[in-house]
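Q: Could we go through this model together? I would like to start with its internal space and then turn to the sheets.

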Amino acid sequence: MAETIFALSSGSPPAAIAVIRISGPLAGPALRSLTGTLPAARQARVATLRDPGGETLDRGLVLWLPGPSSATGEDTAELHLHGGRAVVAAVQAALAALPGLRAALPGEFTRRAFLNGRIDLTEAEGLADLLAAETELQRKSALAAAAGKLSGRVTEWRDRVLLLSAQLEAQLDFSDDDDVGSLDERFTWNIGALCREMAEHLARPRAELLREGFRVVLAGPPNAGKSTLFNALVDAEAAITSPQAGTTRDVLSRPVSIDGVPYVFLDTAGLRYDAADPIERIGVERAQGELDRADLVLWLGPPDQAPPTAWIIAAKADLSGSSDTGRARHCVSARTGAGMADLRRDLVQHARSSLPLPGEAALNRRQADLVREAYDALAGTEEAIDPLLVAEHLRLARVCFDRLLGRATTEDMLDSLFSRFCIGK
């Protein structure tokens, strides 16, 4: 029999209201033990909660949610209490004293919902991203995944492959043994149409780009104004600025949201390859590594030394005699603020064109790898002459979809996913 778990599912006390959830086969007896009765299903009722010794703990609302029509698919109870620390601690202590009950682990409620078929794996991943969302774009994308937008599409793909498999099996079963015959043109066309849809999804921006932030690296020679511009972009004195060249020795990063778009700005050491200081040389190597990982480079230096696709920034527009302003995409002064609004606006427009669209359930790395495997399996049917080989390719594609939805997965992967959740979720 599954264990019965409980946890505080609302914010940390003190708060106006605290919600404690109980899930498992002993949820009903636990509720009856605390309140003396089991209320009608799915009807909030005011009740006095008492510990096993009969002492009053609190008076609040209680809900009885029998499974399988509950969030976890199990018998569930909710206690809506006054949100003081002492109240929450006393009720949790009373629950822990009941036989067969224990405190929940991080993500255990959601894991049970997945194991009991209330949500699939893509919805669970979307919920994890929703809990971690800090910007509006992150929230909308995660909400789409948590609501089943991606799983609905994958389920549709799987159903279409299943229908193709059924058509192929029928042809194999009812054709002459000596002459199986070729597949009709509609069969091949349907596989091609499905491949095109999957390729379109694979070409979209990944969820990691939205989750981790659009990486903008400030690079250039020493004393080019990188740290001053970095401080202005992150709106904090995060980097030490000095007229002395080589002040920045390591990579400094700061996550920032601008107009709801998540960024990670990185200030790097000045790119001086003849540096004699070994520490400065290490900083230059790390800066070069960040250039390779960047989604966008803001280059503050001679235009002819700029990396490909980098934006050339004239960062000292307030100083007389500043050069190369004609080739710069933006002329700014972080000290006076000149040109900064235009630069931020351009950064937002550029990042939005590179990130998943608002409300679009983007593929994460795991999901994209499985969609790619399914795509390769389906594309392999074009070269398979034997219908039995075609059937095997279709089976491999279905296996990928099952793994994507969590119908076939590993405990290690589940442990990694649900450990991202907080206790009580």
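Q: How much space lies in the largest cavity?
A: The model is a predicted one, and its largest cavity holds about 30 Å³ of space.

Q: How many cavities of 30 Å³ or more does the count come to?
A: The count gives one cavity of 30 Å³ or more.

Q: Which residues line the largest cavity?
A: The lining consists of His-201, Arg-204, Pro-205, Ala-361, Ala-362 and Leu-363. By class, four of the lining residues are nonpolar, one is polar and one is charged.

Q: Let us step back to the protein chain. How many helices and strands does it have?
A: The protein chain has 14 helices and 12 strands. It has 425 residues, of which 47% count as buried.

Q: And what share of the contacts with a separation of 6 or more comes from residues 24 or more positions apart?
A: Such residues account for 62% of those contacts in the protein chain.

Q: Turning to the sheets, what is the order of the strands in the one that contains S8?
A: The order is S8-S9-S7-S10-S11-S12 in an open sheet of six strands, and the pairing is mixed. Strands S8 (252-258) and S12 (330-331) stand at the edges with a single partner strand each, so one side of each has no neighbour in the sheet.

Q: Which helix packs on this sheet, touching S7, S8, S9, S10 and S11?
A: Helix H9 (residues 226-234) does so, and its direction makes about 160° with that of S9. Helix H11 (residues 340-354) lies across S7, S8, S9, S10, S11 and S12, running at about 115° to S9.

Q: In what sense do S8 and S9 pair, parallel or antiparallel?
A: S8 and S9 pair in the antiparallel sense, over seven bridges. Within this pair, Ser-253 stands opposite Leu-266 in S9. The two strands form a hairpin with two residues between them, and Asp-259 in the turn has a positive phi of about 55°.

Q: What about S11 and S12, parallel or antiparallel?
A: Strand S11 (residues 311-314) pairs with S12 in the parallel sense over two bridges. Here Ala-314 stands opposite Cys-331 in S12.

Q: Asp-267 is in S9 as well. Why does Asp-267 count as buried?
A: Asp-267 counts as buried because its relative accessible area is 1%, and the cut-off for buried is under 20%. Its C-alpha atom is separated by 8.8 Å from that of Arg-254, 13 residues apart along the chain.

Q: Now to the other sheet. In what order do its strands run, S3 included?
A: Its six strands form an open sheet in the order S3-S4-S5-S2-S1-S6, with mixed pairing. The edge strands are S3 (45-50) and S6 (101-103), each pairing on one side only. From one strand to the next, the twist averages 30°.

Q: Which helix makes about 80° with S3?
A: That is helix H1 (residues 27-35), which packs on the sheet and touches S1, S2, S3, S4, S5 and S6. Helix H2 (residues 85-96) lies across S1, S2, S3, S4, S5 and S6, at about 150° to S5.

Q: One last residue: which contacts does Leu-164 make beyond its neighbours within four places in sequence?
A: Leu-164, found in helix H6 (residues 149-174), is in contact with Phe-187, Asn-190, Ile-191 and Leu-394. Leu-164 and Leu-394 are 230 residues apart in sequence, yet 7.8 Å apart in space, C-alpha to C-alpha. Leu-164 is buried, with a relative accessible area of 5%.

Definitions and conventions. Residues are numbered from 1 along each chain as its sequence is written. This is a predicted model: local features need pLDDT of at least 70, side-chain atom pairs count only at pLDDT 80 or more; totals for chains, interfaces and linings use all residues. Side-chain values use heavy atoms; hydrogens and water are left out. Two strands pair if DSSP finds at least two bridges between them. Helices (H or I, at least four residues) and strands (E, at least two) are DSSP runs, numbered from the N terminus. Contact means heavy atoms within 4.5 Å. Axes are lines fitted to C-alpha atoms, for helices over the stretch in contact, and angles run from 0 to 180 degrees between N-to-C directions. On a 1 Å grid over the protein atoms alone, a cavity is a set of points where a 1.4 Å probe fits but cannot get out, and a pocket is an open set with protein on both sides within 12 Å along at least five of seven lines; lining residues have an atom within 4 Å of a point. Grid points are joined across faces, edges and corners, and a volume is the space filled by probe spheres set on the points. Ala, Val, Leu, Ile, Met, Phe, Trp, Tyr, Cys and Pro count as nonpolar, Asp, Glu, Lys and Arg as charged, and the others, Gly among them, as polar. Buried means under 20% relative accessible area, exposed over 50%, partly exposed in between (1.4 Å probe, protein chains only).
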